Amino acid sequence: MAYLESYNDGDVVDDTQRVVTSTWTNNVNNLTAVHTSSAQVDFSTATSKGAFFIDVYNEATSSTSAEVQYSVAYGHKAGSGSLDFSNDVGAYGNSPSKVIYNQYRQLVFGDETKNFSFPGTAGATDAYTPDDIYVININRGRYKNNLKPGTLNLKLSGSGGTSIPAGLSLTDDSITSTGSAILTNAGRQFNLVSGSSGVRSGSSTVQVADSGSYGLYYPDSGFIILNPAAVGHHVSNSLPGVGSHNADNNHNKLVIAISGGASFIVDSEETISSKYYFTRIKNQDFNFTTNPSFIDNNGNLRYNTMEANPKVYITTVGLYNDTNELVAVAKLSQPIAKDFSKEALIRVKLDY
């Protein structure tokens with residue numbers, strides 16, 4: 001084994017690549033099935049896990065390979081649409097829907113006083129500010145650095161309103177000429193529009209006045225905020241109930257709409273920075289082994305073949321810092337034969 005190091009700056013090359021993969025488990029491109037846990041679809045108490053959000057799995061939860069893909073939640077700034085905590089812990093005036101709304105406006109705006117607004121036909125000048133939101137949060141273990149803008153394809157099924165087509169296909173407007181990128185505490189924000197793969201098939205607003213756009217997309221933080229009023233015009237069964245202190249199970253309505261649409265595509269994106277270290281071994285260098293077992297107790301070589309013209313094999317390259325401290329070790333895929341008649345060039349790639 002020989003520890004080798006690069007001797008000058010010309011031996012180091014930097015490289016950066018953007019790698020795109022499917023988000024879902026096992027690199028599945030399109031998540032067509034929706035599986036939930038029966039234990040979580042329990043809305044009988046305000047403190048049950050299912051009262052806050054519903055996890056969606058890639059397989060039936062009875063399977064050992066089932067993994068959470070994303071979660072669906074409903075938020076209301078006044079706490080309507082879900083049971084009040086007063087039924088359980090005496091905290092009157094608070095509920096799971098209020099906790100969800102406050103959580104996501106804290107993530108996006110940095111405080112719990114601003115409300116979610118959705119641009120209308122004239123943009124921000126006629127923005128619609130509803131009391132409630134739907135949330136689809138992609139499980140953090142499913143994607144790398146961020147979700148890739150322009151790859152979102154989400155279909156929702158359901159009945160439409162008067163003169164409005166039933167069902168809805170949503171994408172983001174990141175690759176359009178009027179992309180809506182806005183920088184927030186949760187990273188970039190894009191509008192949701194009707195279409196697929198970043199290609200708009202119509203206006204970003206629905207065809208009913210005073211309801212605003214379909215929603216907002218935050219690829220850097222991995223979640224989607226839907227506007228229930230706008231989505232509900234195409235998927236009426238997803239319109240939330242907003243009864244005070246009622247278990248309206250609104251997030252389950254969105255799960256049903258996603259299940260009926262049977263198509264959810266979004267890609268993961270990762271920036272991989274690499275350094276290539278080129279280590280050159282001249283013919284006169286590293287021709288003797290560093291294995292201490294080749295030396296006997298008297299300091300002599302145990303094997304005559306290691307004298308005169310020895311033959312060794314390079315198996316490992318060590319990378320050292322400026323103070324000669326070993327900071328990384330690279331293993332060769334196969335040993336390289338080395339003697340006085342051979343030279344070698346080894347490329348070490350370090351990803352981070």
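**Contacts, burial and a cavity**

Trainee: Leaving aside its neighbours within four places in sequence, which residues is N227 in contact with?

Mentor: Outside that stretch, N227 is in contact with F118, Y128, P130, S211, G212, S213, Y214 and G215; contact means heavy atoms within 4.5 Å. This is a predicted model, in which local features need pLDDT of at least 70 and side-chain atom pairs pLDDT 80 or more, while totals for chains, interfaces and linings use all residues. Residues are numbered from 1 along each chain as its sequence is written, and side-chain values use heavy atoms, without hydrogens or water.

Trainee: Why is N227 called buried?

Mentor: Buried means under 20% relative accessible area, exposed over 50%, and partly exposed in between (1.4 Å probe, protein chains only). N227 has a relative accessible area of 0%, so N227 is buried. N227 is found in the loop between β14 and α2 (228-232). Helices (H or I, at least four residues) and strands (E, at least two) are DSSP runs, numbered from the N terminus.

Trainee: What makes Y74 count as buried?

Mentor: Its relative accessibility is 5%, and therefore Y74 counts as buried. Y74 is found in strand β3, and its C-alpha atom is separated by 6.1 Å from that of V135, 61 residues apart along the chain.

Trainee: How do you know that the length of helix α3 agrees with its number of residues?

Mentor: The expected span of a helix is 1.5 Å times one less than its number of residues. For the 12 residues of α3 (residues 250-261) this gives 16 Å; the end C-alpha atoms are 17 Å apart, which agrees.

Trainee: Why are the buried residues of α3 said to line one face?

Mentor: Seen down the axis, they fall within an arc of 160°, so they line one face of the helix; the arc is that of the directions from the helix axis to the C-beta atoms. The buried residues of α3 are N250, H251, L254, V255, A257, I258 and G261. What covers them includes β2 (53-57), β3 (68-76), β6 (132-138), β8 (153-156) and β14 (223-226).

Trainee: What makes a space in this structure a cavity, and how many of 30 Å³ or more are there?

Mentor: A cavity is a set of points on a 1 Å grid over the protein atoms alone where a 1.4 Å probe fits but cannot get out, and lining residues have an atom within 4 Å of a point. A volume is the space filled by probe spheres set on the points, which are joined across faces, edges and corners. The structure holds 2 cavities of 30 Å³ or more. Residues lining the second largest include Y70, I258 and A262.

Definitions and conventions: 1 Å grid on protein atoms, 1.4 Å probe; cavity = no way out; pocket = protein on both sides within 12 Å on 5 of 7 lines; lining within 4 Å.
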